[in-house]
Every structure is written in C-alpha cells, then in structure tokens.
Amino acid sequence: MVGGAVGYLILLESRRLSALASGLRSIDLFDLEPLLPFARQGLSNALFLIGFVTIFTVMSFFEVGLGPAAGLITLMVLPAAVFGMALPVRGVHKMIREEKRRRLVWCRERLWGLECDFSRELDSSVIRELSDLLTLRSHLELVREWPFDTSVIVRLDVYLVIPLGSWAGAALVERMVDAFLG
C-alpha cells in the first residue's frame, strides 16, 4: 500500500513538473543547463525507487526464501524507475523538439531564399550569410532533444547497478560466511 502511495506521488509530482515546462517562455537550444532541474527531478525519482529496491534486496537476504521475491521486485521497479526519470522531462522534451524543428524550418526556408540570391549574384554578403546559416543548421541538428547531460546518464547507470551489486555482494558474503562456519 505504501508503495502504491509513493508511486502515485511520484506520478503526480512528475506530471506537475512536466506541465510546468509548458509555462516556460523561451529556451536557448545551445544552453540546456537551465533545464537540468527537470532532469534531476527525474533522476531523484529513479534514485528513490532504486534505493527502495536496494534496501529490500539487502534485507531479503536475512530472511529465508525472499531471494526470488527480491528479484521479482527488482524487475518490476527498474522499468518504473526509468519511467519516473522520463516523466518529469516530457514537457521540456516537447519544447526542445518544437523549438529545434521551428528553427530548422526557418534555416531551410532562409537557405532556399539565399539559394535564389546566390544564383543571381555572387555577393560576399550572400556567401557569408549562406556560410552562417549552414553552420547554424549543423549546430541545431546536434542539439539533444532530451535535457539529460552525460552526468545524468552516468548517474542513472550507477543507480541501476546498485541493486544488482548489493544483491551479488550479499550472496557472496553469505557464501563466505557459510564456508567459514562450515
């Protein structure tokens, strides 16, 4: 029952945070750092769920027969953790994707206009603007549509390994104690 309440709270707050993103007036596609709080909230959701699994997994080794239950709970919570990480950034992702699409369309239209100018006259200002637009378009195409940076992805990977590592470590300690006592 507590797990359901916690899941509901994570869902509710994640949806609110995602809706909050729609209130943002503008975003700078080349500086997504102001959007990292959305990604960090998702990371906090994932950490909370994975922390629960880690604690339950370690505690399950002190009770006989709870090992399979720990494995089942781990398999159920890990997808929920990924979902909990992605939900708060859904609104920001949509804004980034739309802004990127809008600016790429503008670049494409402007490039088409310059192509017409370029075919008529070979002016240095046209060549300079063409070069600038091509550079802008290539930079826009490289913009990530999700506000996750490398540190967020690495942290998530570490958090996903924690339950498996604690489970394997507890099993190893149990075997070592059995070998020492037996």
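## Burial and surface

A residue counts as buried here when its relative accessible area is under 20%. By that cut-off, 31% of the 182 residues of the chain are buried in this predicted model. As for what faces outward, the chain exposes about 11,900 Å², and 66% of that area comes from carbon and sulfur atoms.

## Fold and overall shape

On to the layout. The chain has 6 helices and 0 strands, so reading from the N terminus you get α-α-α-α-α-α, and the radius of gyration, 25 Å, is well over the 16 Å that the globule rule gives for 182 residues, so the chain is more spread out than a compact globule. Along the principal axes, the C-alpha trace spans about 90 × 35 × 20 Å.

What share of the contacts between residues at least 6 apart in sequence joins residues at least 24 apart? For this chain, that share is 82%.

## Charges

The chain carries 19 positive and 20 negative charges. Take the mean position of each set, and the two points sit 5 Å apart.

## How confident is the prediction?

The pLDDT of the chain averages 81, and 92% of the residues score at least 70.

Which helix has the lowest confidence, and which the highest? Helix α3, covering residues 67-86, is at the bottom with a mean of 77, while helix α5, residues 124-141, comes out on top at 87.

Conventions: Residues are numbered from 1 along each chain as its sequence is written. This is a predicted model: local features need pLDDT of at least 70, side-chain atom pairs count only at pLDDT 80 or more; totals for chains, interfaces and linings use all residues. Side-chain values use heavy atoms; hydrogens and water are left out. Helices (H or I, at least four residues) and strands (E, at least two) are DSSP runs, numbered from the N terminus. The radius of gyration is taken over C-alpha atoms; the globule rule is 2.2 Å times the number of residues to the power 0.38. Buried means under 20% relative accessible area, exposed over 50%, partly exposed in between (1.4 Å probe, protein chains only). Contact means heavy atoms within 4.5 Å. Accessible areas come from the Shrake-Rupley method with a 1.4 Å probe; for residues, only the protein chains shown count as cover. Lys and Arg count as positive and Asp and Glu as negative; His and the chain ends are not counted. The place of a charge is taken as NZ of Lys, CZ of Arg, CG of Asp or CD of Glu. pLDDT is the predictor's confidence in each residue, from 0 to 100.
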